[in-house]
Amino acid sequence: MRYEKDVFFTKNQDKPLVGSNKGSNTTLWVVAIVVPVTVLLACSLPCFLWIRKRRRRVITTSRTMEMEQVLKLWRIEESESEFSLFDFDQIADATNNFSDDHKLGQGGFGPVYKGELPGGLEIAIKRLSSDSVQGLMEFKTEIQLIAKLQHTNLVRLLGCCVQADEKMLVYEYMHNKSLDFFIFDADKGKILTWDRRFRIVDGVAQGLLYLHRHSRLRVIHRDLKASNILLDRDMNPKISDFGMARIFCSNVTEANTTRVVGTHGYIAPEYASEGLFSIKSDVFSFGVLLLEIISGKRTAGFYQYGKFFNLTGYAYQMWKDGKWHELVDPALGDDLPVGEVIKCLQVAQDSADDRPNMSEVVAMLGSEGITMPEPRQPAYFNVWISSLAVSSDSFGESSTCRISNITLTDHEEGR
């Protein structure tokens, strides 16, 4: 037999040699890319963590300095006030170390607890969430405002606690919770007779009149709603939660903003669409609140009647059809003072020009001879915003929209 050596070795050696070269080149390229990238990341990570830690430290220091400035300013201006600075240990003891048994609720600001001081005084404590930037601004706003606001229909802020990362507001405790606890419940709503409801209406109106006209500064609340109307032992109303309020000089009546705050359903059309807010914005919210008090229905419930999807549109349609009495909460019965009910139905006008100011509202509520203009058909805006709220989960992080308690929040300049 004959063998060809050259052919044998050529066939068995060429292919392995070529494959080995390709594998080696690929490995070199991978090493050349991965190793530098890994080294770069390893070097960058400590730098990134250091920068983030430094930034947090700067933010924390800035917030602490801001709070110290607020408290210092308050001490200078209101040294004779009854406002107190509480120690953390005092609040912890009053709430049994913030136990769940003492928790009253949870808000955007943070949890709210009931407490009792050694002398027997019952208090409500708002504890600021440590990561809440919005809550910090609301905290500052309330402290800056509260020393200047003294009225029987405003919730009294007793003091605050600022210690390390803890920031808390201490209020007088309101035994009957908030208005929404009663008017939107079929059984509890029976406790609020028409006389009690009308007294609540008058009390809220007096509180708003004080904010708009008689306080040391003109104040627009911007978040007036049923859950922010608290009730004391005798069911007297007190306006609460001034975290979104804006302060004006006495000669300023309106302003513009690109960021809308408040609760959906209570926001005036010109404020939501154009960013224009004024004392008339609070009047619109007050008018919506009156509709809720009369009907026992939530404005955020999107009651559809004809082409309308909200309570103001629904109420207008009932008024137009001569069926306004069907809007009244069944818990009130049939024996009602028609004149008082009709006056309350006429406040929530869509057009700011048609809306009364709070002086006119208080005069109207206290006199049988004063009436308001008849309601006009709600603007297209109310239909649009309601439909938008139903079809959209949110407007983004800076303007958050949540169904059932739809709240638009902002990080507004000058707050």
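Two residues are taken to be in contact when heavy atoms of theirs lie within 4.5 Å. In the predicted model described here, residues 24 or more positions apart account for 64% of the contacts in the protein chain with a separation of 6 or more. The protein chain has 415 residues, of which 48% count as buried. Its secondary structure comes to eleven helices and 14 strands. The chain exposes about 22400 Å², and carbon and sulfur atoms supply 53% of this area.

Three helices, H5, H7 and H9, were examined for their mutual packing. Helix H5 spans residues 194-214, helix H7 covers residues 279-295, and helix H9 is formed by residues 338-345. The axes of H5 and H7 come within 11 Å and cross at roughly 170°. H5 and H7 are therefore roughly antiparallel to each other, since angles over 145 degrees fall in that class. On the H5 side, the contact is made by Trp 194, Arg 197, Val 201, Val 204, Ala 205, Leu 208 and His 212. On the H7 side, Ile 279, Asp 282, Phe 286, Leu 289, Leu 290, Ile 293 and Ile 294 take part. In general, an α-helix has 3.6 residues a turn, so residues three or four places apart point the same way.

Helix H5 also packs against H9, at an angle of about 40° and with the axes 12 Å apart. That angle makes H5 oblique to H9. The crossing of these two helices, H5 and H9, is left-handed. Here Trp 194, Phe 198 and Val 201 in H5 meet Glu 340, Val 341 and Cys 344 in H9. Trp 194 and Val 201 are thus named in the contact of H5 with H9 and also in the contact of H5 with H7.

The third pairing joins H7 and H9, whose axes come within 8 Å and cross at roughly 140°. H7 and H9 are therefore oblique to each other. Leu 290, Leu 291 and Ile 294 of H7 meet Val 341, Cys 344 and Leu 345 of H9. Val 341 and Cys 344 of H9 are accordingly listed against H7 as well as against H5. Leu 290 and Ile 294 of H7, in turn, belong to the contact with H9 and to the contact with H5. Cys 344 has a relative accessibility of 1% and therefore counts as buried.

The cysteines were next considered for disulfide bonding. A disulfide requires a pair of cysteine sulfur atoms within 2.5 Å, and by this rule the count comes to zero disulfides. For Cys 161, the closest cysteine sulfur is that of Cys 160, at 7.4 Å, which is too far for a bond. Cys 161 itself counts as buried because its relative accessibility is 0%.

Burial is also marked out in helix H8, residues 311-320, which is mostly covered, with nine of its ten residues buried. The buried residues of H8 are Leu 311, Thr 312, Gly 313, Tyr 314, Ala 315, Tyr 316, Gln 317, Met 318 and Trp 319. H8 is followed by Gly 322, which has a positive phi, near 70°.

Thr 312 of H8 also figures in a long-range pair with Tyr 266: the two are 46 residues apart in sequence, and their C-alpha atoms are 9.7 Å apart in space. Tyr 266 is placed in the loop between strand S12 (262-263) and helix H6 (269-274). This tyrosine, Tyr 266, has a relative accessible area of 7% and is therefore buried. Apart from neighbours within four places in sequence, Tyr 266 is in contact with Leu 224, Lys 225, Ala 226, Phe 284, Ser 285, Val 288, Leu 289, Glu 292 and Thr 299. Among these partners, Leu 289 is also one of the H7 residues in the contact with H5.

A further pair separated in sequence involves strand S7, residues 218-220, in which Arg 218 lies. Arg 218 and Arg 246 are 28 residues apart in sequence, with 8.4 Å between their C-alpha atoms. At 16% relative accessibility, Arg 218 counts as buried.

Positive phi values also occur at residues other than glycine. Asn 96 has a positive phi of about 55° and is found in the loop between helix H2 (88-94) and strand S2 (103-106). Lys 177 likewise has a positive phi of about 55°; this lysine lies in the loop between strand S6 (166-172) and helix H4 (180-183). With a relative accessible area of 48%, Lys 177 is partly exposed.

Note on methods
Residues are numbered from 1 along each chain as its sequence is written. This is a predicted model: local features need pLDDT of at least 70, side-chain atom pairs count only at pLDDT 80 or more; totals for chains, interfaces and linings use all residues. Side-chain values use heavy atoms; hydrogens and water are left out. Buried means under 20% relative accessible area, exposed over 50%, partly exposed in between (1.4 Å probe, protein chains only). Helices (H or I, at least four residues) and strands (E, at least two) are DSSP runs, numbered from the N terminus. Accessible areas come from the Shrake-Rupley method with a 1.4 Å probe; for residues, only the protein chains shown count as cover. Axes are lines fitted to C-alpha atoms, for helices over the stretch in contact, and angles run from 0 to 180 degrees between N-to-C directions. Angles under 35 degrees count as roughly parallel, over 145 as roughly antiparallel, 65 to 115 as roughly perpendicular and the rest as oblique. A crossing is left-handed if the near helix is turned anticlockwise from the far one by less than a right angle, and right-handed if clockwise.
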